[in-house]
Amino acid sequence: RLLARAEALLDPDGVEPRHEECRAKRSLTIHERDGMLHLAGVFDVETGAPIKNALEAMVTRTLQRNEHADDATHDDRSVAQMRADALADLCAHGAACDQLPTGVGATVIVRMTLKELETGIGTATIDGCDTPIPAGAVRRLAADLSVIPCVLGGGSEILDWGREKRRFTRA
């Protein structure tokens, strides 16, 4: 860290070209293998700092809660698991947000039968992912996210299309 700062002081004109070179190399790859989604990212400091700070703040908050928690409320996840869950929470929040640069929030399409959703027994698939997930996991997703049910008939004709927004507020 000290060497990087000294180098920046001695060659201030070289900082921007190095930063732009790093920025040009940023990437995020996503692939599915062994029933897991694998994310591999390389970020320049400008792009990566907000990601790191948000995840670390969420992990720190959990670790602070653990300091005063009893055995029943203690969080036993590893720090790496906490980071993964924090990223998932941020993305779930962002998917429902209409202030994203992409415009409207993202939609996750889950395919399963009504019986599987109601009982929590069976499997479901998520469009864009090859690995099926348990129906119980979809029930947890449905509890956290806005669920828009779509009931299809035999010829894939739409019999009922739910709505995310209601005409009245939750209050």
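Helix 3 and helix 4 cross in a right-handed sense. This is a predicted model, and that crossing is a good place to start reading it.

**The helix pair**

Helix 3 covers residues 45–67, and helix 4 covers residues 79–95. Their axes lie 9 Å apart, at an angle of about 125 degrees. Because angles over 145 degrees count as roughly antiparallel and 65 to 115 as roughly perpendicular, helix 3 is oblique to helix 4.

Which residues of helix 3 meet helix 4? They are Ala-54, Leu-55, Glu-56, Met-58, Val-59, Thr-62, Leu-63 and Asn-66. On the helix 4 side, the contact is made by Val-79, Met-82, Arg-83, Ala-86, Leu-87, Asp-89 and Leu-90. Sorted by class, the contact between the two helices holds ten nonpolar, two polar and three charged residues.

**The hairpin**

Strand 1 (residues 27–33) runs antiparallel to strand 2 (residues 36–42). Seven bridges join the two strands. Two examples show the register. His-31 has His-38 of strand 2 as its bridge partner. Glu-32 stands opposite Leu-37, also in strand 2. Two residues separate the strands of this hairpin. There, Asp-34 takes a positive phi, near 55 degrees.

**The three-stranded sheet**

Strands 3, 4 and 5 form an open sheet in the order 3-4-5. Its pairing is antiparallel. Strand 3 (110–111) and strand 5 (133–134) are the edge strands, and each pairs on one side only. Strand 4 takes in residues 123–126. Two bridges link strand 3 to strand 4. One residue pair can be named here: Val-110 has Ile-126 in strand 4 as its bridge partner.

The two antiparallel pairings with bridge counts are set out below.

| Strand pair | Sense | Bridges | A residue pair |
|---|---|---|---|
| Strand 1 and strand 2 | antiparallel | seven bridges | His-31 and His-38 |
| Strand 3 and strand 4 | antiparallel | two bridges | Val-110 and Ile-126 |

Strands of a sheet pair through backbone hydrogen bonds, in either a parallel or an antiparallel sense.

**Confidence**

How does pLDDT vary over the model? The protein averages 79. Of its residues, 81% score at least 70. Among the elements, strand 1 has the highest mean pLDDT, at 94. Strand 7 (residues 158–161) has the lowest, at 70. Where pLDDT is low, predicted coordinates should not be read in detail.

Conventions
Residues are numbered from 1 along each chain as its sequence is written. This is a predicted model: local features need pLDDT of at least 70, side-chain atom pairs count only at pLDDT 80 or more; totals for chains, interfaces and linings use all residues. Side-chain values use heavy atoms; hydrogens and water are left out. Two strands pair if DSSP finds at least two bridges between them. Helices (H or I, at least four residues) and strands (E, at least two) are DSSP runs, numbered from the N terminus. pLDDT is the predictor's confidence in each residue, from 0 to 100. Axes are lines fitted to C-alpha atoms, for helices over the stretch in contact, and angles run from 0 to 180 degrees between N-to-C directions. Angles under 35 degrees count as roughly parallel, over 145 as roughly antiparallel, 65 to 115 as roughly perpendicular and the rest as oblique. A crossing is left-handed if the near helix is turned anticlockwise from the far one by less than a right angle, and right-handed if clockwise. Contact means heavy atoms within 4.5 Å. Ala, Val, Leu, Ile, Met, Phe, Trp, Tyr, Cys and Pro count as nonpolar, Asp, Glu, Lys and Arg as charged, and the others, Gly among them, as polar.
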